[in-house]
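Hi there,

Here is the structure I promised to pass on to you. Please have a look, and then read my notes underneath.

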Amino acid sequence: MEPESLYNLLHLPGKEDPPAEEELSQGEKRKFLPPTSRNNPKFEELQKVLMDWINAELLPEHIVVRSLEEDIFDGLILHHLFQKLSGLKLDVEEIALTAASQRRKLAAVLESVDQSLQLEEPQAKWSMESIFNKDLLATLHLLVALAKRFQPDLPLPTNVQVEVITMERTKSGLKSEKSVEQLTECGCLLDLSAEDVFDELFKLAPEKVNAVKEAIVKFVNQELDRLGLSVQNLDTQFADGVILLLLIGQLEGFFLHLKEFYLTPSSPAEMLHNVTLALELLKEEGLLSYPVNPEDIVNKDAKSTLRVLYSLFRKHKLKESTDGVPQRSPN
């Protein structure tokens with residue numbers, strides 16, 4: 001895609017304008033929010049809830065936040081907020097006027113935050129550079145993490161997801177890629193860090209994963225054959241949610257009106273809509289014994305896709321014995 005057409009696609013007011021090719025170093029990637037994501041009502045609600053929370057916490061200090069992008073980047077408000085929430089006294093300069101001193105202060109505050117959240121740098125969805133560069137997504141990830149740690153009863157809107165465009169400078173020019181970023185969890189999600197039998201399978205017996213896949217493909221195709229459909233690749237063909245919804249409808253006796261889902265999804269957001277609907281149907285039927293993030297299915301995570309399909313297999317398993325898939329769990 002040519003830089004000019006990328007500009008038209010991504011045009012946002014002010015500093016959110018996509019960079020010219022010369023502004024990105026070779027191999028550098030940057031994320032941008034298209035206008036449709038910025039205007040997403042749940043995305044706007046999330047920002048309002050977080051701002052109201054911060055302003056309530058810092059009211060005694062007469063500090064007011066009006067913009068998460070413009071007011072958090074230099075570390076001043078983050079410094080006061082973290083001290084108030086954690087009860088810790090940070091040994092950093094109170095007022096940092098130069099960019100260099102602001103970077104030093106922000107780095108020191110974030111180091112304390114990450115330690116408190118028990119995060120190592122690769123795990124965090126933010127960095128000193130991203131916060132200092134007023135990256136709204138990184139700032140929101142940081143504030144959501146702080147809220148979950150220190151104010152778990154804060155009524156954050158659930159399942160906030162936005163479409164993101166990542167731009168990268170390659171040898172042949174600018175390249176763009178769309179993806180979906182999850183900012184808050186689904187209301188149905190529990191502890192996503194908990195392990196289940198598929199965690200064990202992938203860790204302890206990876207050589208058996210293909211046998212499990214083959215057995216589930218056989219089961220899925222037996223059901224989809226009545227619709228004139230077939231599946232060859234579990235990892236990719238369920239990412240848009242269409243076949244998954246048709247399979248659930250076939251097995252559970254659901255009639256899904258075409259207005260309820262996208263039969264030919266053309267964007268990650270439409271794919272996410274389909275997968276989220278499918279997971280809600282499975283949850284209503286009591287079939288999901290383990291929380292699954294719909295974003296993982298869209299992003300073609302094999303383990304998450306297998307969890308969902310195995311929940312159907314377990315209820316509607318083939319009458320004959322299936323090699324590689326036991327009756328209770330794939331151990």
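Below is what I found, beginning with the sheet and moving on to a pair of helices.

Please keep in mind that this is a predicted model.

The sheet is an open one, built from three strands in the order β1-β2-β3 with antiparallel pairing. At its edges are β1 (29-32) and β3 (173-182), each of which pairs on one side only. On average, neighbouring strands in this sheet are turned by 25 degrees against each other, ignoring direction.

If you want to look at one pairing in detail, try β1 with β2. Strand β2 covers residues 161-170, and four bridges join this strand to β1, the two running antiparallel. A handy spot to click on is F32, which stands opposite I165 in β2.

The sheet also has a helix lying across two of its strands: α13 (residues 268-284) lies across β2 and β3 and runs at about 25 degrees to β3.

Now for the helix pair. Helix α6 spans residues 99-116 and helix α8 spans residues 136-150; their axes come within 11 Å and cross at roughly 45 degrees. An angle from over 35 to under 65 degrees is neither roughly parallel nor roughly perpendicular, and α6 and α8 are therefore oblique to each other. Their crossing is left-handed. On the α6 side, the contact is made by L110, V113 and S116, while α8 contributes L142, L146, R149 and F150. Sorted by class, this contact of α6 with α8 has five nonpolar residues, one polar and one charged.

Enjoy exploring!

Best wishes

Technical notes: Residues numbered from 1 in each chain as written. Predicted model: local features only at pLDDT ≥ 70, side-chain atom pairs only at ≥ 80, totals over all residues. Heavy atoms only, no water. Pairing = 2+ DSSP bridges. Axes fitted to C-alpha atoms, helices over the stretch in contact; angles between N-to-C directions. Contact = heavy atoms within 4.5 Å. Parallel < 35°, antiparallel > 145°, perpendicular 65-115°, else oblique. Left-handed = near helix turned anticlockwise from the far one by under 90°. Nonpolar A, V, L, I, M, F, W, Y, C, P; charged D, E, K, R; others polar.
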